[in-house]
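User: I am new to this structure and would like a close look at a single part of it. Please describe one helix and what surrounds it, then add a strand for contrast.

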Amino acid sequence: MRIRNNLRPLVRARLHTGLCARAQLQAALFTLVALLCGCREAGPAFGANIPFARQNADEFFYSVGSRFTNIQRPPRLLRARAQFGHYALTPSGVYNDTTIWLAIGPDSARLFGDEGAFAVDRYVVDARLSTTPPNALTESREIVRLRRLTEDEYEWFTNVEVAIGRIAAADLTDVLAASLAAGEGKTSAQIRANYTAAFPRTAAALGRLFTIDTLRATTDSEGATTYDIAIKLTPDILKATMPHYAAYIDKYISKGRYRITLTDKTGASWFDARAANYYMHFKLRSKDGHFAPLEGAVRPMPPSLTIHVDMAMKILIFTVGWKDMVGDFDIINTDHERGWSMRFAKEPDWHLPPTVGYLLKSPLRRPFQGNGIPVRISVRDNPGSQTILNRRGTLVVQESGILRFLNRLSGTAVGDFLGPSEREANRFNADAFRALRVDVADLLR
């Protein structure tokens with residue numbers, strides 16, 4: 001299966017480690033994709049010919065970058081975001097707050113929504129419930145639903161849609177295929193030279209926070225190339241222009257650890273990503289733009305895999321996280337949609353402070369029961385209208401003493417991120433996407 005059948009997820013975890021875990025994963029994935037897309041051969045893959053590629057790339061980078069540019073939200077929406085983050089694991093604290101919800105459904109579910117679009121020099125978001133998908137470039141829509149299941153059980157559902165232009169889903173993922181194929185058989189020095197020469201503005205924008213410490217490309221007897229990439233976080237450089245974001249990285253992200261692997265039913269590994277101590281490390285293997293298992297004979301990637309996630313974060317004096325969260329990982333590959341569908345239905349091994357060891361841990365099993373935790377991320381095109389980047393997920397929580405403890409820690413991370421840190425993080429991302437837009441445009445002249 002080609003890389004085109006895989007998409008970069010925009011990971012938004014609401015579980016147990018709050019915004020710091022989400023920021024760490026987003027930073028890692030964004031950097032990897034920017035690196036993979038940062039070769040001369042990636043530009044033409046945006047479309048069937050150069051004019052279409054130029055249009056698709058410009059619309060895509062403009063739309064995504066706009067969502068990080070000078071975001072303006074009214075007070076009601078700002079408060080709702082803060083409350084959702086603060087009470088993510090203890091929803092009773094927000095369920096009856098009439099100042100937040102915009103409507104109540106027939107099943108007593110609480111409903112909230114917002115819509116956004118870019119206007120002149122800012123991204124304007126308003127609190128509004130809508131059933132109409134985004135239908136113009138840069139438009140977005142988000143729906144949040146909170147349903148009470150029993151006295152102490154609640155179900156969160158979120159659905160986010162973003163218009164990203166008229167690029168076909170297959171074209172967007174072809175960019176990654178072209179990038180990997182372009183690096184096959186080349187030396188590390190050649191790949192670095194390609195990236196820095198073709199994408200000078202992007203390299204400068206990302207270089208404020210990320211340094212490519214290691215880049216190995218090894219060709220084996222099967223004719224496949226294994227990419228071994230280590231990226232170092234450099235908040236000491238970033239703090240000159242974005243001190244709050246740099247301080248947040250120092251406080252939370254640098255102390256976090258994660259590992260994500262994809263395996264098939266034979267146990268073969270297809271992707272490995274991990275991070276700790278300011279370093280993010282990625283390992284993958286490809287041949288002719290196809291994913292290949294990290295070891296052994298080259299063969300097509302199966303449509304169904306298993307995802308393994310380990311995560312640990314330090315918040316205040318406590319370290320919390322989990323080991324071996326296992327889920328189904330299915331690749332979405334239809335004529336007009338590409339993406340990933342995941343479902344976590346097995347409780348992991350928890351890493352919790354000794355001070356909460358006396359609390360009953362049964363509520364921690366609740367999210368993984370029944371349908372588990374489903375997460376779906378995809379790009380869906382519809383000829384004649386906007387292509388939609390969609391993320392949706394469901395989380396059931398059972399309130400308890402241990403959830404209230406974890407929620408207080410999560411709320412600390414949320415509080416530290418919202419405000420100056422988030423504004424600077426958004427500015428960093430907006431700068432990077434603007435740089436990508438200009439660099440790709442230069443390549444497609």
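Analyst: What follows looks at helix α11 and then at strand β18. The model is a predicted one.

Helix α11 covers residues 420–443, and glutamate 424 is found in it. Glutamate 424 is buried but forms no salt bridge. The nearest side chain of opposite charge belongs to arginine 427, 4.6 Å away, whereas a salt bridge calls for a side-chain nitrogen of Lys or Arg within 4 Å of a carboxyl oxygen. Leaving aside residues up to four places away in sequence, glutamate 424 touches Met242, Pro243, His244 and Tyr245.

Helix α11 also packs against helix α2, which spans residues 50–66. The angle between the two is about 170°, and their axes lie 8 Å apart. Because angles over 145 degrees count as roughly antiparallel, α2 is roughly antiparallel to α11. On the α2 side, the contact is made by Ala57, Asp58, Phe61, Tyr62, Val64 and Gly65. On the α11 side, Ala430, Phe433, Leu436, Arg437 and Val440 take part.

Strand β18 runs over residues 388–398 and is mostly covered, with nine of its 11 residues buried. Strand β6, residues 153–163, pairs with β18 in the antiparallel sense over 11 bridges. In β18, arginine 392 stands opposite asparagine 159. Strand β17, residues 373–380, also pairs with β18 in the antiparallel sense, over six bridges. Here serine 378 stands opposite asparagine 390 of β18.

How values were computed: Residues numbered from 1 in each chain as written. Predicted model: local features only at pLDDT ≥ 70, side-chain atom pairs only at ≥ 80, totals over all residues. Heavy atoms only, no water. Helix = DSSP H or I, 4+ residues; strand = E, 2+ residues; numbered from the N terminus. Buried < 20%, exposed > 50% of the residue type's maximum accessible area, 1.4 Å probe, protein only. Lys, Arg positive; Asp, Glu negative; His and termini not counted. Contact = heavy atoms within 4.5 Å. Pairing = 2+ DSSP bridges. Axes fitted to C-alpha atoms, helices over the stretch in contact; angles between N-to-C directions. Parallel < 35°, antiparallel > 145°, perpendicular 65-115°, else oblique.
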